[in-house]
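Please open the structure in a viewer and keep the sequence panel visible. The tour below proceeds by selections, each followed by a description of what is found there.

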Amino acid sequence: MRLLFVENDPTMAHLLSACADRVSKINVAHNTAEAAAMLAPGHTFDAVVIDWMLDDADGLDIARGLRTFGDPVPIVMTSAASMDRFTLLGDAVSKLGRAACIQKPWTIDEVIAACRVAGAVPKGG
């Protein structure tokens, strides 16, 4: 499964990349919304995994932007927010379509499962 991770913690992004490489075979990880936005148009991903609270953007705004431009890619939003705030995020994510939401901490298996719930189907890998 080819995943684009957008995670602002560089250590977490590196670990995600290493774990996904073992589980999913192909992956890309970026630690800023700007870097991910520059890459996304040139690649096809099975799903995009976005941290809600990035240093340079709101992950939910990125997800909404993908939908505004007609991108049907499955989206998984992640967050370490309190349960109250996480519930609000889940409500917003449910309106995106082809999307799921998982709370940190999570395992790579949970990420893959959430990608599938959101509709991800691996393209040749």
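Accessible areas in this tour come from the Shrake-Rupley method with a 1.4 Å probe, and for residues only the protein chains shown count as cover. By that method the protein exposes about 6500 Å², of which carbon and sulfur atoms supply 58%.

This is a predicted model, in which local features need pLDDT of at least 70 and side-chain atom pairs count only at pLDDT 80 or more, whereas totals for chains, interfaces and linings use all residues. Residues are numbered from 1 along each chain as its sequence is written, and side-chain values use heavy atoms, with hydrogens and water left out.

**The whole chain**

Begin with a cartoon view. Helices (H or I, at least four residues) and strands (E, at least two) are DSSP runs, numbered from the N terminus. The protein has five helices and five strands, and from the N terminus on they run β-α-β-α-β-α-β-α-β-α.

Next, colour by pLDDT, the predictor's confidence in each residue, from 0 to 100. The average for the protein is 79, and 82% of the residues score at least 70. Among the elements, strand 2 (residues 27-30) has the lowest mean pLDDT, 66, and strand 5 the highest, 90.

Then colour by accessibility. A residue is called buried under 20% relative accessible area, exposed over 50%, and partly exposed in between (1.4 Å probe, protein chains only). Of the 125 residues, 43% count as buried. A contact means heavy atoms within 4.5 Å; among contacts between residues at least 6 apart in sequence, 66% join residues at least 24 apart.

**The nonpolar cores**

Select V6, I50, L60, I75, M77 and L89. These residues have the most contacts inside the largest nonpolar core, which has 21 residues. A nonpolar core is a set of buried Ala, Val, Leu, Ile, Met, Phe, Trp, Tyr and Cys residues joined through side-chain atoms within 4.5 Å. Strand 1, helix 2 (33-39), strand 3, helix 3, strand 4 (75-79) and helix 4 (83-94) each give two or more residues to this core. Helix 4 provides the largest share, four residues.

Which residues is L89 in contact with, leaving aside its neighbours within four places in sequence? They are W52, L60, M77, S79 and C101.

Now add A47, V49, A100 and W106 to the selection. They are included in a second, separate core of 17 residues.

**The salt bridges**

Show the charged side chains. A salt bridge is a side-chain nitrogen of Lys or Arg within 4 Å of a carboxyl oxygen of Asp or Glu, and by this rule the count comes to three.

Centre the view on K104. It forms a salt bridge with E7, the closest N and O atoms being 3.0 Å apart. This pair links distant parts of the chain, 97 residues apart: K104 is in the loop between strand 5 (99-103) and helix 5 (108-117), and E7 is in the loop between strand 1 (3-6) and helix 1 (10-24). Both K104 and E7 are buried.

K104 also forms a salt bridge with D51, where the closest N and O atoms are 3.3 Å apart. D51 lies in strand 3 (residues 47-51), 53 residues from K104 along the chain. K104 counts as buried because its relative accessibility is 18%, and D51 counts as buried because its own is 5%.

Move to helix 3 (residues 59-68) and select D61 and R64, which lie three residues apart, about one turn of the helix. An α-helix has 3.6 residues a turn, so residues three or four places apart point the same way. The closest N and O atoms of the D61 and R64 salt bridge are 3.4 Å apart. D61, at 45% relative accessibility, is partly exposed, and R64, at 39%, is partly exposed as well. Elsewhere, salt bridges that share partners join E7, D51 and K104 into one network.

**Helix 5 and the segment after it**

Look down the axis of helix 5. Its residues I108, V111, I112, A114 and C115 are buried. Its buried residues fall within an arc of 160° (taken from the directions from the helix axis to the C-beta atoms), so they line one face of the helix. The face turned away from the buried side carries the exposed residues D109, R116 and V117.

Finally, select G119, which follows helix 5 and has a positive phi, near 110°. G119 counts as partly exposed, at 27% relative accessibility. Leaving aside its neighbours within four places in sequence, G119 is in contact with P74 and R98. The C-alpha atoms of G119 and D46 are separated by 8.7 Å, although the two residues are 73 apart along the chain.
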